[in-house]
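Please open the model in your viewer and keep the sequence panel beside it, since each stop on this tour begins with something to select.

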Amino acid sequence: MIEGRGIATLVIGTAHDIMSKVVPPRAAFVDHPVGRTFGPPRERSRHQAILHRALAELEKFTSGGEIRDLGCRWLPGGNREWETALRAEMLHDR
Amino acid sequence: MPFQYLSIMAQNSAPKPPRVLAAPSAPAWCPVTKPLNEMRVALLSSAALRLTDQEPFIPRADLSYRRVPSNPGSGTIIIDHHSGIGTVPKQDPEIVFPRAALAALAENRTIGAAAPFHYSFMGGVRQHEEIENKLAPALAGELTQADVDLALLVPY
């Protein structure tokens with residue numbers, strides 16, 4: 001609807017599986033826990049770097065429905081220990 | 001492999017059926033015609049964000065939206081969304097609503113400007129028809145009126 005008015009959109013999200021299903025025109029994937037898209041609290045330089053990286057992808061999209069991985073990982077080396085805590089946090093969310 | 005959210009959301013929904021994720025038959029597409037450093041950019045957040053002096057959102061079914069000034073000095077941001085993942089972003093809404101980061105990118109001319117207002121609404125609402133027929137057109141109208149070139153959507 002927004003694109004139909006001549007305004008480009010870019011989704012910046014952490015849920016790759018959801019973005020794959022809803023097919024936004026342009027999507028930038030950040031491999032962080034949901035609710036921490038731009039990094040941990042108060043890390044201003046990291047927030048700005050991730051936003052900048054997403055914006056830099058804008059001109060690389062050539063057609064609707066593409067998801068581009070920004071290469072941002074929550075923990076050094078791509079450690080995925082955060083997934084266990086996130087799963088517990090989300091299962092409390094009823 | 002990226003974290004799988006849909007299966008957990010389905011567990012959380014029970015006994016209600018899982019949320020319906022609607023995808024268009026073909027994604028809408030508006031070509032980018034301006035360089036980034038000439039674009040006016042707005043944020044859209046589904047975190048039900050507002051300034052402290054704005055009317056609170058009503059959890060779970062609110063179909064309204066708030067205009068949030070893009071100036072990071074304009075006031076403290078509150079997150080009204082009911083999600084249990086909110087404890088961390090409520091410490092610093094910037095991690096889901098990068099208002100200060102966008103202002104900094106406008107300041108250093110990476111983007112042309114931040115729009116005067118960003119927009120927020122309640123994510124996770126199940127009234128899909130009302131969202132499609134009322135909320136989404138109202139937000140699209142706001143963006144058009146503000147001459148926004150690029151809308152950054154940050155799901156919560």
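Buried area here is the accessible area, taken with a 1.4 Å probe, that two parts lose on being put together, summed over both. With that in mind, and remembering that this is a predicted model, colour the two chains separately and turn to the place where they meet. Between chain A and chain B about 5100 Å² is buried, and carbon and sulfur atoms give 68% of that area. Select Met1(A), Leu55(A) and Met90(A) next, for these residues supply 11% of the area that chain A buries against chain B, more than any other three residues. If you then select every residue that takes part in the contact, you should have 56 residues from chain A and 60 residues from chain B.

**Polar features between the chains**

Keep both sides displayed and show the side chains of Arg44(A) and Asp92(B), which meet in a salt bridge with an N to O distance of 2.9 Å. The count of salt bridges between chain A and chain B is 1, while the count of residue pairs in polar contact, with both residues at pLDDT 80 or more, is 16. Which elements of chain A supply at least two residues each to the side that touches chain B? They are strand 1 (8–13), helix 1 (16–22), strand 2 (26–31), helix 2 (44–56) and helix 3. Helix 3 of chain A gives the largest share of that side, with 7 residues. Coloured by class, the side of chain A that touches chain B shows 26 nonpolar, 16 polar and 14 charged residues.

**Chain A as a whole**

Now hide chain B for a moment and follow chain A from its N terminus, where the elements run β-α-β-α-β-α, giving 3 helices and 3 strands. Along the principal axes, the C-alpha atoms of chain A fill a box of roughly 40 × 35 × 20 Å. Of the 94 residues in chain A, 51% are buried. Among the contacts in chain A between residues at least 6 apart in sequence, 47% join residues that are at least 24 apart.

**Strand 1 of chain A**

Select strand 1 of chain A, where 6 of its 6 residues are buried. In a regular strand the side chains alternate between the two faces of the sheet. Here Ala8(A), Leu10(A) and Ile12(A) point one way, Thr9(A), Val11(A) and Gly13(A) point the other way, and all are buried. Within chain A, strand 1 runs parallel to strand 2 and is joined to that strand by 3 bridges, and you will find Gly13(A) standing opposite Phe29(A) in strand 2. Bring chain B back, and you can see strand 1 of chain A joined by 4 bridges to strand 7 (residues 150–154) of chain B, the two running parallel. In this pairing Val11(A) stands opposite Leu153(B).

**Three arginines**

Begin with Arg36(A), in the loop between strand 2 and helix 2 of chain A. Is Arg36(A) buried or exposed? Arg36(A) counts as buried because its relative accessibility is 9%, below the 20% cut-off. Leaving out residues up to four places away in sequence, Arg36(A) touches Trp74(A), Leu86(A) and Glu89(A) in chain A, as well as Ile85(B), Val88(B), Ile95(B) and Val96(B) in chain B.

Move on to Arg87(A), which lies in helix 3 (residues 82–91) of chain A. With a relative accessibility of 37%, Arg87(A) counts as partly exposed. Residues up to four places away in sequence aside, Arg87(A) touches Phe3(B) and Ile8(B). Drawing a C-alpha to C-alpha distance from Arg87(A) to Pro33(A) should give 9.6 Å, although the two are 54 residues apart in sequence.

The last stop is Arg50(B), in strand 2 (residues 49–51) of chain B. Arg50(B) has a relative accessible area of 9% and is therefore buried. Show its side chain together with that of Asp80(B), and you will see the two in a polar contact at 2.5 Å. Once neighbours within four places in sequence are set aside, the residues in contact with Arg50(B) include Glu55(B), Pro56(B), Phe57(B), Arg66(B) and Val68(B), and also Thr76(B), Ile77(B), Ile78(B) and Asp80(B).

Terms used:
Residues numbered from 1 in each chain as written. Chains lettered and ligands numbered in written order. Predicted model: local features only at pLDDT ≥ 70, side-chain atom pairs only at ≥ 80, totals over all residues. Heavy atoms only, no water. Buried < 20%, exposed > 50% of the residue type's maximum accessible area, 1.4 Å probe, protein only. Contact = heavy atoms within 4.5 Å. Polar contact = N/O pair within 3.5 Å; in protein donor to acceptor, adjacent residues only side chain to side chain. Salt bridge = Lys/Arg side-chain N within 4 Å of Asp/Glu carboxyl O. Nonpolar A, V, L, I, M, F, W, Y, C, P; charged D, E, K, R; others polar. Pairing = 2+ DSSP bridges.
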